[in-house]
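Got the viewer open? Let's take a walk from ring to ring, one selection at a time.

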Amino acid sequence: VVVTLMTNGESPLYFSLNEKMSAVLFYTLFYLLMSGCIIYPPTEFVSAGLTVKDVFANWLGSENECFIQYHIKRSIATLLLHSALPLGYVLGLLFFDHIDAEKLLLNYLDGNYLGPLIVILCATIVPLYTLNKVFEWSVNNLATHPIAKNLSVYGNNNTPWTSVASDINREYRRIDKIVIVTNSVTRVIATDNWIIKITPYKLQVAHQSDATLVVNKSDVHSMSPTTRDQVQFINIQVKPMRAMAQEFDIRLNALDFKDLQDKVSRPIAVLHNIRFHRTLLDRFIDTFKEEVDKNPFYDTAEVSSGTVVIATIILISLLVCLSSIYSVVVTLMTNGESPLYFSLNEKMSAVLFYTLFYLLMSGCIIYPPTEFVSAGLTVKDVFANWLGSENECFIQYHIKRSIATLLLHSALPLGYVLGLLFFDHIDAEKLLLNYLDGNYLGPLIVILCATIVPLYTLNKVFEWSVNNLATHPIAKNLSVYGNNNTPWTSVASDINREYRRIDKIVIVTNSVTRVIATDNWIIKITPYKLQVAHQSDATLVVNKSDVHSMSPTTRDQVQFINIQVKPMRAMAQEFDIRLNALDFKDLQDKVSRPIAVLHNIRFHRTLLDRFIDTFKEEVDKNPFYDTAEVSSGTELGQCIGCMQALSNVKLNRLCNSTENRDVDDCTTCFCRPMWCIECMAKWFASRQDEHAPETWLSSKCTCPLCRARFCVLDVCLVRNPND
């Protein structure tokens, strides 16, 4: 259109403004579409093999054998092909007679034809210039190619770029590399030592040993390129510290972050304002929370456990009694003129409510419930910036945590007194003016004691810090394990190193206590202490077990055991570990020394052991099965499951009278007794949902031989009436 206007309708292009659509317009649109598919191939082109690497496959060679050389050739082929696209468009116009070549050549000096001529010349110069650059690279054996120049930065002692290329080629051939396809033209590869980003014209590399990786951006899109689901992308800045090395960005799906993090040797830093889902589970959890937030609340008063209600009433009654006793004592000491503004005649006063609330909050701070832990209202969450990373400096982290916990807990009495002053529950003026009066001596002593405790704690913390924490109880405990007078920091470094390994086990016994077992150490974490024992010189003995009808987390029965850890090293302190009996096997598998169990201690080491005992108890309630009912000549033999015990159970349908029977009724089993009670319990458990053990006893199973359905009520012990 522009050329037509410039040439007064005498353009060499055969179309005018009066035409709605011409052949040249269709050709232009088609060529633009095809060019876009060549530069950024869609899935259909990739599947059909219409990409640079497929079309030039014979010349490029094998990517697996010569990775760097392959991508140098591929970048050259891509550059040549893309630079030839404008020339291809012009040749197409000539081929389809959309340009009058004869008129253009005869009148090329005419100003009316100058525009089209410049376009044709530019379309010709671009691929010629590209060919010249490729020739220059080939003359120098590709040493001046941008990829080769990038690799030469990592050559030590003037070694050529080919040595670095050989190292990358060798690592790429290994099967443990990870390859993340970000789109049809870009890939990210992580080997043992290298991070590589492949783009159409470039191949950017960084050595993991001297590169920092930082997640500096994240964005969410309502639809991903491959699915109709929401997708989140993150941008990782890879910044090599080596001189002349080029930094680059990696943009990938947030769900691929964990794969990359697991492969690279250096941690990937995440800016504090960046939030993204590292796994599909994290994303589902957040989505699940959003959906649950839309649902109406459920009143917990309707499902309050009787035990919880009784415990709450007892606690409140106890607090009321203590507050009342305190008010009586203060009133008697001050002859009714107490600086506290409440009296015995009042049923409930503001100070009583404040006291109850403060005691409740203090209890939640000292022993945080699940709600406080979830909300991040714990010492480790509140002081997270000062404490640092537990994974990097485990011992130093817990020394700081114990100090913060001690300071916070010691300040609680002072906080109570300051609250009384702030809310005017204490007449501070009267107390200060008459502090020598015997009537005010009691409250004054309480205030002084509440002030002295945190001051004494601060003094102790100052003493520890003056000696570089060497006199801290945790440091003194570690110094026992130092050989040849080595400092406690050497032992701390050894523990820190082992804690960073992924094969450790961490058992959370409650909200303030954890037990950790590494390759050589057993560690118990409490609010104020960190107790350690070296596995090589410690004995572990289970000396106590107790059963509770309701666990802290579920309404099911739970069994706890007490393990005494007794180091044999002089000056080392022994300590006890109290944990769920079902966690015993995990601890036993990790520690190198066997855990002794006193002969009078009985507990279920696994969930299956507990189910077997319960199964036996339920079967004992069923009637016996007389062997006389078995067909004549049948004799009981060994259990075909374990081949050790005598077969002593028979599946005998007894639940006929059960009400509300459904379609999954039990059926009659005609098999003779062939199993022992323990093997039958194991078979029954193996056919149940392992994620819902509370339903096992009420569920059904099938006979191992004839597949007849049965329940626990149908399992009968065999009895010989003649015995």
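Two rings of Phe, Tyr or Trp (its six-membered ring) make a pair if their centres lie within 6.5 Å; planes under 30 degrees apart count as stacked, over 60 as edge-to-face and the rest as tilted. This is a predicted model, where local features need pLDDT of at least 70, side-chain atom pairs count only at pLDDT 80 or more, and totals for chains, interfaces and linings use all residues. Residues are numbered from 1 along each chain as its sequence is written, and side-chain values use heavy atoms, leaving out hydrogens and water.

First, select Phe611, Phe615, Phe684, Trp696 and Phe710: ring pairs join them into a cluster.

The structure holds 17 aromatic pairs. Now pick tyrosine 354 and tyrosine 416: their ring centres are 5.4 Å apart and their planes at 15°, so this pair is stacked. Tyrosine 354 sits in helix H15 (residues 350–366) and tyrosine 416 in helix H20 (residues 412–422), 62 residues apart. Helices here are DSSP runs (H or I, at least four residues), numbered from the N terminus.

Keep tyrosine 416 and add tyrosine 358. With centres 5.6 Å apart and planes at 55°, these two are tilted. Tyrosine 358 is in helix H15 too, so its pair with tyrosine 416 in helix H20 ties together parts 58 residues apart in sequence.

Which of these tyrosines are buried (under 20% relative accessible area, with exposed over 50% and partly exposed in between, using a 1.4 Å probe and protein chains only)? Tyrosine 354 is, at 11%, and so is tyrosine 358, at 19%, while tyrosine 416 is partly exposed at 22%.

Last stop: lysine 504 lies over the face of tyrosine 499, 4.5 Å from the ring centre. That label needs NZ of Lys or CZ of Arg within 6 Å of the ring centre and within 35 degrees of the ring normal.

Note on methods: Helix = DSSP H or I, 4+ residues; strand = E, 2+ residues; numbered from the N terminus.
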